[in-house]
Amino acid sequence: MFRKKIKTEPQPLNIDVPNETVISVGDKTYWVKGGKKYLVPSKRVLDSYGWRPPVVLTEEAANRIPTSNGKILFRGGTAIRSMVTYEVFLISDNKRRLVTSPDTLDALGLNNIVLVSEKEVNMHERGEDIV
């Protein structure tokens, strides 16, 4: 007979992870780089990088990795739209640059725009407008 596969949540691992690994601890996600872990502020930021799904770690394993004060922001080249103002920004050099016209959107080929909270918009310093 056929066995029914039961989907289970991954069990947290108590391992040391290599650099450039995404990890999950409880409800938080981090990127490990240079021996430190950097908090990823939202799933939308994580998705902008196209990284593999996070490795689920135990608190003990995660606590062995020092936490950095640095920020993980949207990947350069990501187009974001504010849920509050509906303005569209292009992320460039970790800055948000306002796209000022639909013609500019078309010229840049920005057709995959991520809808984000105002908090996510404001994570990025304001750069020059794109006209």
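This section describes the nonpolar cores, the salt bridges and the largest pocket of a predicted model.

The largest nonpolar core has 16 residues. Within this core, V40, V45, I72, F74 and I80 have the most contacts. Strand 3 (36-40), helix 1 and strand 6 (88-92) are the elements that give two or more residues to it. A second core, separate from this one, has nine residues. Its members include V17, V32, A61 and I65. In soluble globular proteins, nonpolar side chains tend to be buried together.

V40 illustrates the packing of the 16-residue core. Neighbours within four places in sequence are set aside here. The contacts of V40 are then T29, Y30, W31, V45, L46 and I72. Two of these partners, V45 and I72, are themselves listed with V40 among the core residues with the most contacts.

The model contains six salt bridges. One of them joins E20 to K33, with the closest N and O atoms 2.7 Å apart. E20 lies in the segment before strand 1 (21-25), and K33 lies in strand 2 (residues 28-33), so the pair ties together parts that are 13 residues apart in sequence. E20 counts as partly exposed because its relative accessibility is 48%, a value between the limits of 20% and 50%. K33 is also partly exposed, at 33%.

Another salt bridge links the side chains of K43 and D47, at 3.0 Å from N to O. Both residues belong to helix 1. They are four residues apart, so about one helical turn separates them. K43 has a relative accessibility of 58% and therefore counts as exposed, the cut-off being over 50%. D47 is partly exposed, with a relative accessible area of 46%.

R126 and D129 form a further salt bridge. Their closest N and O atoms are 3.0 Å apart. R126 is partly exposed, with a relative accessible area of 38%. D129 is partly exposed as well, at 36%.

The largest pocket holds about 200 Å³ of space. Its lining comprises R44, D47, S48, R75, G77, T78, A79, G109, L110, N111, N112 and V114. By class, three of the lining residues are nonpolar, six are polar and three are charged. Helix 1 (residues 43-49) gives the most to the lining, with three residues. D47 thus appears in two settings: D47 lines the largest pocket and pairs with K43 in a salt bridge. Helix 1 likewise contributes both to the pocket lining and to the largest nonpolar core.

Conventions:
Residues numbered from 1 in each chain as written. Predicted model: local features only at pLDDT ≥ 70, side-chain atom pairs only at ≥ 80, totals over all residues. Heavy atoms only, no water. 1 Å grid on protein atoms, 1.4 Å probe; cavity = no way out; pocket = protein on both sides within 12 Å on 5 of 7 lines; lining within 4 Å. Points joined across faces, edges and corners; volume = space filled by probe spheres on them. Nonpolar A, V, L, I, M, F, W, Y, C, P; charged D, E, K, R; others polar. Core = buried A, V, L, I, M, F, W, Y, C linked by side-chain atoms within 4.5 Å. Buried < 20%, exposed > 50% of the residue type's maximum accessible area, 1.4 Å probe, protein only. Contact = heavy atoms within 4.5 Å. Salt bridge = Lys/Arg side-chain N within 4 Å of Asp/Glu carboxyl O.
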